[in-house]
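Me: I am new to this structure. Can you walk me through how to read it, feature by feature?

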Amino acid sequence: MRVSVDPMSVEPNLSESVPAEALRPHAEEAFAAELTALAAQDDRPRPARWRLSPWAVAIYLLGGTLPDGTVITPKYVGPRRIVEVAVTTLATDRALLLLGVPGTAKTWVSEHLAAAISGDSTLLVQGTAGTPEEAIRYGWNYARLLAHGPSRDALVPGPVMRAMAEGRVARVEELTRIPADVQDTLITILSEKTLPIPELGQEVQAVRGFNLIATANDRDRGVNELSSALRRRFNTVVLPLPETADAEVDIVSRRVEQIGRSLDLPVMPDGMDELRRVVTVFRELRDGVTTDGRTKLKSPSGTLSTAEVISVITGGLALAAHFGDGVLRAGDVAAGILGAVVRDPAADRVVWREYLEAVVRERDGWTDFYRACREVTV
């Protein structure tokens with residue numbers, strides 16, 4: 001027996017009750033004006049139930065200026081072709097897997113893709129070692145189940161089931177963290193576009209517009225590898241680290257500015273010199289060589305990703321705002337850098353000390369930075 005789930009019967013979207021002062025609004029709320037402006041001027045064909053055309057979705061992520069002068073801010077700074085392939089994939093019957101090392105904006109991109117396509121980025125399954133099958137399929141209201149037995153009223157749809165019923169985009173974060181047997185729950189959903197409900201002798205068929213975005217880290221290989229059957233259901237797009245220091249500075253400054261506005265932190269131009277220093281330190285340690293290519297370096301065990309640079313700068317701005325004069329200085333970022341670099345107290349501390357003495361100490365104009373880092377390195 002095949003049934004269509006009435007979208008009105010699923011659980012209400014809790015984002016509708018989010019207060020105006022939410023610390024971290026969903027993408028569709030934070031950038032509602034841009035999405036509205038794009039929709040108003042988007043005259044290109046749209047796939048079924050898409051809020052925007054694929055062209056407009058790409059503009060939303062990459063940024064640009066509309067004919068009426070509306071400026072669309074970039075959400076992702078990177079190769080245009082990567083975004084175009086990701087958007088095109090979601091316009092087909094293939095699911096999208098965003099792959100990359102930690103901190104390459106996989107979650108950020110998946111959220112904005114869902115917001116631009118479906119107007120709802122909240123249909124999310126967070127993958128962990130303890131994620132149960134019910135999180136992907138459905139659960140039960142046990143009070144109703146015990147009182148009346150299995151019934152449609154007792155069934156509690158999960159995010160993927162809701163996305164299938166409503167023709168929206170669902171998201172699965174950290175797919176390779178989920179146990180292999182739970183991962184394979186997705187095979188029938190992605191291949192047959194159906195979700196069986198054997199307890200009721202029914203199934204839910206996906207309506208047009210449904211698709212799924214999953215994210216996974218390169219460094220999670222061997223944790224819970226995807227089966228070949230499941231991997232075939234995805235088109236994989238690899239998100240790289242920023243190619244240049246300038247690109248990484250641009251990404252960090254934009255994201256820190258967004259976070260800073262919500263936290264009433266100082267504006268970024270007061271700390272651009274320190275931001276560039278932090279980016280330089282992270283890139284050199286990550287690459288295992290100084291910027292000029294003259295000195296080989298040992299790399300620490302951590303990833304030293306762009307996301308961690310954002311965290312260090314945001315934390316430094318908070319220190320400058322609450323315990324300084326509001327201007328970001330070396331002393332404000334030193335402790336954050338130490339915490340990001342030294343993950344293994346034994347091996348990483350040696351790497352960090354050697355870098356300080358061999359590179360930072362000898363670099364012109366970095367004396368204050370060297371002293372601040374030495375002060376917090378014990």
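Me: In what order do the five strands of the open sheet lie?

Reply: One caution before that: this is a predicted model. To read a sheet, go from one edge strand across to the other. Here the order is β4-β7-β10-β3-β11, and the pairing is parallel.

Me: Which strands are the edge strands?

Reply: Look for strands that pair on one side only. Here they are β4 (124-126) and β11 (234-238). From one strand to the next, the twist averages 20°.

Me: How many bridges join β3 to β11?

Reply: Five bridges link β3, residues 95-100, to β11, and the two strands run parallel. For a place to look, find L98: V237 in β11 stands opposite.

Me: Which strands does helix α5 touch where it packs on the sheet?

Reply: Check the contacts, then the direction. Helix α5 (residues 106-118) touches β3, β7 (169-173) and β10 (211-217). The direction of α5 makes about 170° with that of β7. Helix α8 (residues 159-166) packs on the sheet too, touching β4, β7 and β10. The angle between the directions of α8 and β7 is about 160°.

Me: Now the cores. How many residues has the largest nonpolar core, and which have the most contacts inside it?

Reply: A core is read as a set of buried residues joined through their side chains. The largest one here has 37 residues. Those with the most contacts inside it are V281, F282, I313, I337, W352 and F369.

Me: Which helices each supply at least two residues of this core?

Reply: They are α12 (245-263), α13 (272-287), α14 (306-323), α15 (330-341), α16 (347-360) and α17 (367-376). The largest share, seven residues, comes from α15.

Me: What does F282 touch, leaving out residues up to four places away in sequence?

Reply: F282 touches L304, S305, E308, V309, V312, I337 and A340. There is also a second, separate core of 35 residues, with L145, L195, L200 and V204 among them.

Me: Let us finish with one helix. Which residues of α17 are buried?

Reply: Sort a helix by burial, then ask where each group points. In α17, the buried residues are F369, Y370, A372 and C373.

Me: Why are they on the same side of α17?

Reply: Because they cover an arc of only 165° around the axis. They pack against α13, α15 and α16.

Me: Which exposed residues does the face turned away from the buried side carry?

Reply: That face of α17 carries R371 and E375.

Methods. Residues numbered from 1 in each chain as written. Predicted model: local features only at pLDDT ≥ 70, side-chain atom pairs only at ≥ 80, totals over all residues. Heavy atoms only, no water. Core = buried A, V, L, I, M, F, W, Y, C linked by side-chain atoms within 4.5 Å. Buried < 20%, exposed > 50% of the residue type's maximum accessible area, 1.4 Å probe, protein only. Helix = DSSP H or I, 4+ residues; strand = E, 2+ residues; numbered from the N terminus. Contact = heavy atoms within 4.5 Å. Pairing = 2+ DSSP bridges. Axes fitted to C-alpha atoms, helices over the stretch in contact; angles between N-to-C directions. Arc of directions from axis to C-beta.
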